[in-house]
Amino acid sequence: MQSAFENPMRGILMKVSSVVVFLGMQTFIKLAGADVAPGQVTFYRSFFALFPIMGYLAYRRQLRVAFHTANPIGHLKRGTIGILSMGFGFYGLLHLPLPEAIALGYATPLVAVIFAAVFLGETVRIYRWSAVFFGIIGVAIVSWPKLTLFRQGGMAAEQGVGALCVLIAAVLAGMAMIQVRKLVEEERTATIVLYFSMIASLFSLATLPFGWASLDLKTMLLLVCAGFCGGVGQILLTESYRHADVSTVAPFEYTSILLGGIVAYFLFGDVPGVHMMVGTAIVIAAGIFIIYREHQLGLERRKARKAGTPQP
């Protein structure tokens, strides 16, 4: 029988592919325009993601079992937090340059470390606390020029609100990651993915009375494509973890800032400033260090379990 992690290069390829597809999703949303309500974007992103996800689960013959859950309340909590994160994140994406929205989203793993210590009782030592501290400084460097635009009004103020929304989304995403870590102890990955998309679709549809934009065919197609990209990206991400360890593929998430910068320059004319580049470099360094420490701690835990296993 082959090892689950016998083909790390395939895992890396899947991860990079997921980054490209998720970037496509973000680009489609940006192209749809700032007039589309965040709840409306969230609905299209969630509902049309169901089609590739359900097709994938049917192909793997997991669709029937994916609907079986022992923790519907846990899925409801994860869905509620996740949809709020998506809504805030999409508002920020629509009102910020693409690279800055991506960079501020890198705050999520930093927040997850804090929440893991507070809510899960995980031991976080000086190394990871230091990485979180410097990572937050990097986030502040990226976001501060935007947050100071509140008093200027108009489009400048919208960018300030957008930066704040992305930061709120990162905090909520960190909370969602903690909820997922609780769910994976008793639920299948397929079940978690499927229920999240269904709950997010229903909850975001409930925002219809609060003012959805009237969409032309082009905008509607852009949002449908965003939804399909979201579903395909989730599949590729899941597959990447089948072929390589999380610590192997996770650093490749940061290729999104380079690819996002290229897309933003050619499609939207966005040029990153000094604050953006310096802050992003600090955040990426902090994130990679946290990934490295998680990997080292995982190896230590596996050695401890092996040493404590009675020999036959």
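In this predicted model, a polar atom of the Gln40 side chain sits 2.8 Å from the backbone nitrogen of Ala213. Gln40 belongs to helix 2, which covers residues 38-47. With a relative accessibility of 2%, Gln40 counts as buried. Leaving aside residues up to four places away in sequence, Gln40 touches Thr207, Trp212, Ala213 and Leu215. Ala213 therefore appears twice in the surroundings of this buried glutamine, once through its backbone nitrogen and once in the list of contacts.

Helix 2 offers a second residue worth a look, Ser46. Ser46 is buried as well, and its relative accessible area is 2%. Its contacts, again without residues up to four places away in sequence, are Met86, Ser197, Ala200 and Ser201. Among these partners, Ser197, Ala200 and Ser201 are buried residues of helix 10, and this leads directly to that helix.

Helix 10 runs over residues 189-205 and contains 17 residues. From its first C-alpha to its last, helix 10 reaches 24 Å, close to the 24 Å expected at 1.5 Å a residue. How much of helix 10 is buried? Of its 17 residues, 12 are buried, so helix 10 is largely enclosed by the rest of the structure. The buried set begins with an unbroken stretch made up of Ala190, Thr191, Ile192, Val193, Leu194, Tyr195, Phe196 and Ser197. Ile199, Ala200, Ser201 and Ser204 complete the set. Hydroxyl-bearing serines and a threonine thus stand beside nonpolar residues such as Ile192 and Phe196 in the buried part of helix 10.

Charged side chains come next. Side chains of opposite charge can pair when their charged atoms come close. The structure holds three salt bridges. One of them joins Lys15 to Glu253, with the closest N and O atoms 2.9 Å apart. This pair links distant parts of the chain, 238 residues apart: Lys15 is in helix 1 (residues 8-32), while Glu253 is in the loop between helix 12 (246-249) and helix 13 (255-268). Lys15 is buried, at a relative accessible area of 3%, whereas Glu253 is partly exposed, at 32%.

Another salt bridge forms between Glu239 and Arg60, where the closest N and O atoms are 3.7 Å apart. Here too the pair links distant parts of the chain, with Glu239 in helix 11 (residues 217-243) and Arg60 in the loop between helix 3 and helix 4, 179 residues apart. On the acidic side, Glu239 is buried, with a relative accessible area of 11%. On the basic side, Arg60 counts as partly exposed at 33% relative accessibility.

The side chains of Arg181 and Glu122 also meet in a salt bridge, at 2.1 Å from N to O. Arg181 lies in helix 9 (residues 154-183) and Glu122 in the loop between helix 7 (107-119) and helix 8, so that the pair links distant parts of the chain, 59 residues apart. Arg181 is partly exposed, with a relative accessible area of 34%, and Glu122 counts as partly exposed at 24%.The loop between helix 3 (50-59) and helix 4 (63-66) also holds Arg61. Most residues other than glycine have a negative phi. In Arg61, phi is near 60 degrees, a positive value in a residue other than glycine. Is Arg61 buried or exposed? At 79% relative accessibility, Arg61 counts as exposed.

The surface also carries a nonpolar patch. Ile126, Tyr127, Trp129, Phe289 and Tyr292 form this patch, and together they have about 540 Å² of accessible area. Helix 8 (126-147) and helix 14 (274-307) each supply at least two of its residues. Which helix gives the most to the patch? Helix 8 does, with three residues.

Tyr292, one of the patch residues, is found in helix 14. Tyr292 is partly exposed, and its relative accessible area is 46%. The C-alpha atom of Tyr292 is separated by 9.1 Å from that of Thr248, although the two residues are 44 residues apart along the chain.

Note on methods:
Residues are numbered from 1 along each chain as its sequence is written. This is a predicted model: local features need pLDDT of at least 70, side-chain atom pairs count only at pLDDT 80 or more; totals for chains, interfaces and linings use all residues. Side-chain values use heavy atoms; hydrogens and water are left out. Helices (H or I, at least four residues) and strands (E, at least two) are DSSP runs, numbered from the N terminus. The expected span of a helix is 1.5 Å times one less than its number of residues. Buried means under 20% relative accessible area, exposed over 50%, partly exposed in between (1.4 Å probe, protein chains only). Patches are made of residues with over 30% relative accessible area and no salt bridge: like charges are joined within 9 Å, nonpolar side chains (Val, Leu, Ile, Met, Phe, Trp, Tyr) within 5 Å. Accessible areas come from the Shrake-Rupley method with a 1.4 Å probe; for residues, only the protein chains shown count as cover. A salt bridge is a side-chain nitrogen of Lys or Arg within 4 Å of a carboxyl oxygen of Asp or Glu. A polar contact is a pair of N or O atoms within 3.5 Å; within protein, one must be able to donate a hydrogen and the other to accept it, and residues adjacent in sequence count only if both atoms are side-chain atoms. Contact means heavy atoms within 4.5 Å.
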